[in-house]
Protein chains: 2
Amino acid sequence: MELELSVDRSSPVPLYFQLSQQLEAAIEHGALTPGSLLGNEIELAARLGLSRPTVRQAIQSLVDKGLLVRRRGVGTQVVHSQVKRPLELSSLYDDLESAGQRPATKVIVNTVVPASAEVAAALGVAEDSDVHRIERLRLAHGEPMAYLCNFLPPALLDLDTAQLEATGLYRLMRAAGITLHSARQTIGARAATATEAERLAEEEGAPLLTMQRVTFDDTGRAVEYGTHMYRPSRYSFEFQLLVRS
Amino acid sequence: MELELSVDRSSPVPLYFQLSQQLEAAIEHGALTPGSLLGNEIELAARLGLSRPTVRQAIQSLVDKGLLVRRRGVGTQVVHSQVKRPLELSSLYDDLESAGQRPATKVIVNTVVPASAEVAAALGVAEDSDVHRIERLRLAHGEPMAYLCNFLPPALLDLDTAQLEATGLYRLMRAAGITLHSARQTIGARAATATEAERLAEEEGAPLLTMQRVTFDDTGRAVEYGTHMYRPSRYSFEFQLLVRS
DNA sequence: GTAGTTCGATTGTCCGGACATTTGCATTGA
DNA sequence: TCAATGCAAATGTCCGGACAATCGAACTAC
């Protein structure tokens with residue numbers, strides 16, 4: 001196996017990034033089979049005309065992604081795993097769209113309200129200060145799927161109802177220059193109340209999947225707090241957790 | 001602010017790790033307040049008698065943990081976030097114990113069975129090959145909390161019923177030298193069947209929180225597959241998702 | 001044959017330096 | 001007054017080298 005690797009030094013793309021992308025593509029494509037050794041770093045660096053730290057940086061980024069494993073004294077090998085693409089912090093809208101489900105959104109509420117104690121604590125703003133409140137019904141194939149209630153700090157972005165119905169909240173945030181970083185989520189279940197049941201076309205007492213989430217941007221600011229309710233027959237959460245060492 | 005930092009060069013602990021631990025402790029302890037600059041890398045390196053790459057490695061590890069943010073041309077600052085400790089891949093047993101709940105386990109089944117198609121696919125073993133099957137009832141304060149059904153590949157570790165009742169599965173795996181790396185989880189909800197209801201002291205049709213998980217070690221091997229059912233009144237999932245870039 | 005030892009291979013850690021890129025601010029100019 | 005320019009500061013990228021720690025396998029001794 002002679003893996004074709006090359007870097008373009010005239011490109012503004014960092015060299016280590018070029019290399020890591022090529023390696024990732026090779027793994028994804030099957031050119032590098034699970035369990036196979038990657039060849040030692042020194043030789044790889046020499047072959048590409050790069051220094052060892054640069055090669056290490058490329059490899060390390062793939063190790064962090066869980067695609068490679070390094071073993072001292074042995075070498076670096078491709079992980080032997082079914083899981084190719086770790087699931088990340090995702091948007092329900094994007095999830096549905098990439099699943100080919102043609103999502104639709106109906107905005108029920110889009111207003112500004114004083115923050116309750118709960119919302120204020122989650123967003124890190126003063127109690128009774130103004131926050132956006134939006135409530136949406138998310139549908140797929142015309143069937144209700146989830147009821148979404150979100151709160152956003154003021155002056156973060158302008159929430160146009162038409163835009164909210166055309167796309168997802170995360171996408172609007174990214175478009176407004178907000179870099180999402182992490183989210184703290186709580187997932188539970190409970191029986192539907194009468195009003196919830198009606199909104200979601202379920203019966204009273206039917207099990208609902210609930211999710212509460214606070215999303216943070218890269219500066220650690222809370223940019224969104226939400227309480228969502230999903231129909232468990234239509235949706236379940238799928239994600240990958242990594243051990244942090 | 002004169003943060004006290006020092007490294008011990010005679011220690012076998014890597015220098016970058018010593019530094020990152022001290023910085024993390026300072027953030028946790030409040031000596032470094034959110035939003036405050038960390039001082040530039042060059043000066044920090046000089047003060048500690050370290051090279052810049054070593055200091056960068058320490059800082060980078062904290063950036064990966066979400067505690068710091070770097071901005072080119074500005075500096076490195078402490079993240080302004082309520083979330084101090086990102087939740088990691090956790091064990092129900094440990095969760096309960098650290099919450100002071102004195103967990104107990106009752107082993108219902110502990111045997112070896114041929115792998116069904118579903119189990120074989122999850123664990124990456126041949127269909128009908130031998131796998132361990134354990135079913136456990138997890139209690140807290142004497143109250144049933146969850147019903148856990150797990151499958152493990154053979155010859156991974158010996159599953160002693162007494163040990164299983166004394167501690168959690170993850171802890172047994174770690175003690176056997178298995179380095180857990182990641183887990184793919186699916187969380188959903190549904191109504192309890194009659195037998196499930198009886199096991200968990202719920203009523204038939206009551207909402208249950210369900211979780212399916214495949215856990216991988218650092219070589220990418222699947223080391224555990226499980227189907228769990230939780231009483232939503234007693235337990236909910238709380239975790240933090242990071243955006244992977 | 002088996003257990004212990006040695007040795008080569010490979011990654012882990014660390015250094016000191018160089019230049020590029022981006023940011024924020026002060027200065028300058030219209 | 002306001003916008004454009006220039007400058008300093010900080011992180012981003014990259015280099016080439018050095019030594020340490022660990023693993024696996026071949027080898028040796030019993």
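1. A polar contact here is a pair of N or O atoms within 3.5 Å; inside the protein, one atom must be able to donate a hydrogen and the other to accept it, and residues adjacent in sequence count only if both atoms are side-chain atoms. With that in hand, look at Arg52(B): a polar atom of its side chain sits 3.0 Å from a base nitrogen of DNA strand D.

2. Some ground rules. This is a predicted model, with local features needing pLDDT of at least 70, side-chain atom pairs counting only at pLDDT 80 or more, and totals for chains, interfaces and linings using all residues. Residues are numbered from 1 along each chain as its sequence is written, chains are lettered from A and ligands numbered from 1 in the order in which they are written, and side-chain values use heavy atoms, with hydrogens and water left out.

3. Back to DNA strand D. It has 25 residues around it, and the closest are Arg9(A), Leu15(A), Ser51(A), Thr54(A) and Arg56(B); being near a strand takes a heavy atom within 4 Å of it. Of the strand D atoms that come within 4 Å of the protein, 72% belong to sugar and phosphate.

4. Two phosphate contacts on strand D come from chain A. The side chain of Ser51(A) puts an N or O atom 2.8 Å from a phosphate oxygen of DNA strand D, and Tyr16(A) has a polar side-chain atom 3.1 Å from a phosphate oxygen of that strand. The elements giving two or more residues to this surface are helix H1 (15–29) and H3 of chain A, plus H3, strand S1 (68–71) and strand S2 (75–78) of chain B. Helices (H or I, at least four residues) and strands (E, at least two) are DSSP runs, numbered from the N terminus. H3(A) gives the largest share, 3 residues.

5. Now DNA strand C. There are 25 residues around it, and Arg56(A), Arg9(B), Leu15(B), Ser51(B) and Thr54(B) come nearest. Sugar and phosphate make up 74% of the strand C atoms that come within 4 Å of the protein. The largest share of this surface, 3 residues, is from H3(B).

6. What touches the phosphates of strand C? A polar backbone atom of Leu15(B) is 2.3 Å from a phosphate oxygen. Arg9(B) uses a polar side-chain atom, 2.7 Å from a phosphate oxygen of DNA strand C, and Thr76(A) does so at 3.5 Å.

7. On composition, the surface near DNA strand C splits into 7 nonpolar, 9 polar and 9 charged residues. Ala, Val, Leu, Ile, Met, Phe, Trp, Tyr, Cys and Pro count as nonpolar, Asp, Glu, Lys and Arg as charged, and the others, Gly among them, as polar.

8. In chain A, the axes of helix H2 (residues 41–48) and H3(A) come within 9 Å and cross at roughly 110°; axes are lines fitted to C-alpha atoms, for helices over the stretch in contact, with angles from 0 to 180 degrees between N-to-C directions. H2(A) and H3(A) are therefore roughly perpendicular (65 to 115 degrees; under 35 is roughly parallel, over 145 roughly antiparallel, the rest oblique). Contact means heavy atoms within 4.5 Å, and the residues making it include Leu44(A) and Ala45(A) of H2(A) and Val55(A) and Ile59(A) of H3(A).

9. Last, His228(B), which is in strand S8 (residues 222–230) of chain B. Is His228(B) buried or exposed? At 4% relative accessibility, His228(B) counts as buried (under 20% relative accessible area; exposed is over 50%, partly exposed in between, with a 1.4 Å probe and protein chains only). Its side chain makes a polar contact of 3.0 Å with that of Tyr230(B).
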